[in-house]
Amino acid sequence: MNERTVIIDGVDPQIFYGVNNNNVNLIRNLFPKLRMAARGNVMKVIGEESETLLFEKKVKELEAYASKYNKLPEDVIIDVIKGEPPKAVNAEGVIIFGQNGRPISPRNANQSKMVRSFAQNGLTFALGPAGTGKTYIAIALAVAALKNKTCKRIILSRPAVEAGEKLGFLPGDMKDKIDPYLRPLYDALEDMIPQLKLKEYMESDVIQIAPLAFMRGRTLNDAVIILDEAQNTTKHQMKMFLTRMGMNSRMIITGDLTQVDLPRTTQSGLLQALRILRGVDGIGIIEYGKKDIVRHPLVQRIVDAYELREKQADDEFDKSLSDTVAD
């Protein structure tokens, strides 16, 4: 008799084992000659060597499928163990398969341009109003790179600028105060990576989420680095961030120049960077518009209403200025 241990390290065991261990029970039934036990990410089997070798081979095939598609249906288990190819999944244009196997793909032309820019350039700027999916697509591209092993880690950052609220009044230590600013990044990651795997990545610093100030002095190699809400960086912060790029790394910078929360006397570092870097080889700039908004349809009407009000305010200011000069 032969005992063999198989480590499930490429996928969340909860996905692999299934609800109430249904997948494990199915695998056990399909290998009736083996005695099997599963705990955590370890599966142990006892039986004839040829059977345990086949078991390991099939489990690794199932693990690869579950890692790619973020799900493991019973019909796929049966097909793989019986030596038949599983039913084909349409992956055309898919960046990554999120929770429960949900495909995450570009939803408009500019999102597709952003995917191409990431593949072709070391640095991509994604600019546009709220709701265009620029941050979500950026994180999907980073997670896909991590899964495909084209990078070793993901660095996500945001400037912690107070947009009306004061950090000092929030409860807890500095991490507790900063986390609400980073919450949108956590939300996107939780859509794409199973909870246990995400926790493992964050505890081992494979995925790091930190305020922009924590980037100073670092050189980031073999990484996908994302700066979100970049319109709220100062000129010095932006230059500092851009010079963090190390070997075999790619950067994505997202922002909305209509939502700058800096003091009126402080120029946005994003605006200055765009003026300086536009046209530089190896840098892509994707500019989203209102037509690219992919949230609730009401979001686009809200953006339109605010733009109209700002235009009216500018017109009133110009008229007031003209009247003053005439007087």
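**Exercise 1. Classify the packing of H3 and H4**

Task: In this predicted model, determine how helices H3 and H4 are oriented to each other, and which residues meet.

Solution.
- Step 1. Locate the helices. H3 covers residues 49-69. H4 covers residues 74-81.
- Step 2. Take the two descriptors. Two packed helices are described by the angle between their axes and the distance between the axes. For H3 and H4 the angle is about 140° and the axes are 10 Å apart.
- Step 3. Apply the cut-offs. Angles over 145 degrees would count as roughly antiparallel, and 65 to 115 as roughly perpendicular. The angle of about 140° falls in neither class, so H3 and H4 are oblique to each other.
- Step 4. Add the hand. H3 and H4 cross in the right-handed sense.
- Step 5. List the residues. H3 brings Lys58, Glu61, Leu62 and Tyr65. H4 brings Val76, Ile77, Val80 and Ile81.
- Step 6. Sort this contact by class. Six residues are nonpolar, two are charged and none is polar.

**Exercise 2. Build the sheet that H3 packs on**

Task: Give the strand order of the sheet made of E1, E2 and E3, then place H3 against this sheet.

Solution.
- Step 1. Write the order. The three strands run E1-E3-E2 in an open sheet, and the pairing is antiparallel.
- Step 2. Mark the edges. Strand E1 (2-7) and strand E2 (35-39) each pair on one side only, as edge strands.
- Step 3. Add the twist. From one strand to the next, the average is 15°.
- Step 4. Check one pairing. E1 and strand E3 (residues 42-47) are antiparallel and joined by six bridges. Within this part of the model, Val6 has Met43 in E3 as its bridge partner.
- Step 5. Place the helix. H3 packs on the sheet and touches E1, E2 and E3. The directions of H3 and E1 make an angle of about 10°.

**Exercise 3. Work out the surroundings of E7**

Task: Decide how strand E7 is covered, and find the strands that pair with E7.

Solution.
- Step 1. Count buried residues. E7 spans residues 153-158, and six of its six residues are buried.
- Step 2. Split the strand by side. Arg153, Ile155 and Ser157 point one way. Ile154, Leu156 and Arg158 point the other way. Both sets are buried.
- Step 3. Pair E7 with E9. Strand E9 holds residues 223-227 and runs parallel to E7, over five bridges. One partner pair here is Arg153 with Ala223.
- Step 4. Pair E7 with E8. Strand E8 (residues 207-211) is also parallel to E7, joined by five bridges. Ile155 has Gln208 in E8 as its bridge partner.

**Exercise 4. Characterise Val299**

Task: Is Val299 buried or exposed, and what does Val299 touch?

Solution.
- Step 1. Find the element. Val299 sits in helix H11, residues 297-326.
- Step 2. Test the area. The relative accessible area of Val299 is 19%. Buried means under 20%, so Val299 is buried.
- Step 3. List contacts. Leaving out residues up to four places away in sequence, Val299 touches Ala130 and Ile293.
- Step 4. Compare sequence and space. Pro129 is 170 residues from Val299 in sequence, with 9.9 Å between their C-alpha atoms.

**Exercise 5. Summarise the chain**

Task: How many helices and strands does the protein chain have, and what share of its residues is buried?

Solution.
- Step 1. Count elements. There are eleven helices and eleven strands.
- Step 2. Give the share. Of 327 residues, 44% count as buried.
- Step 3. Look at contact range. Among contacts with a separation of 6 or more, 70% join residues 24 or more positions apart.

Technical notes: Residues are numbered from 1 along each chain as its sequence is written. This is a predicted model: local features need pLDDT of at least 70, side-chain atom pairs count only at pLDDT 80 or more; totals for chains, interfaces and linings use all residues. Side-chain values use heavy atoms; hydrogens and water are left out. Two strands pair if DSSP finds at least two bridges between them. Helices (H or I, at least four residues) and strands (E, at least two) are DSSP runs, numbered from the N terminus. Axes are lines fitted to C-alpha atoms, for helices over the stretch in contact, and angles run from 0 to 180 degrees between N-to-C directions. Contact means heavy atoms within 4.5 Å. Angles under 35 degrees count as roughly parallel, over 145 as roughly antiparallel, 65 to 115 as roughly perpendicular and the rest as oblique. A crossing is left-handed if the near helix is turned anticlockwise from the far one by less than a right angle, and right-handed if clockwise. Ala, Val, Leu, Ile, Met, Phe, Trp, Tyr, Cys and Pro count as nonpolar, Asp, Glu, Lys and Arg as charged, and the others, Gly among them, as polar. Buried means under 20% relative accessible area, exposed over 50%, partly exposed in between (1.4 Å probe, protein chains only).
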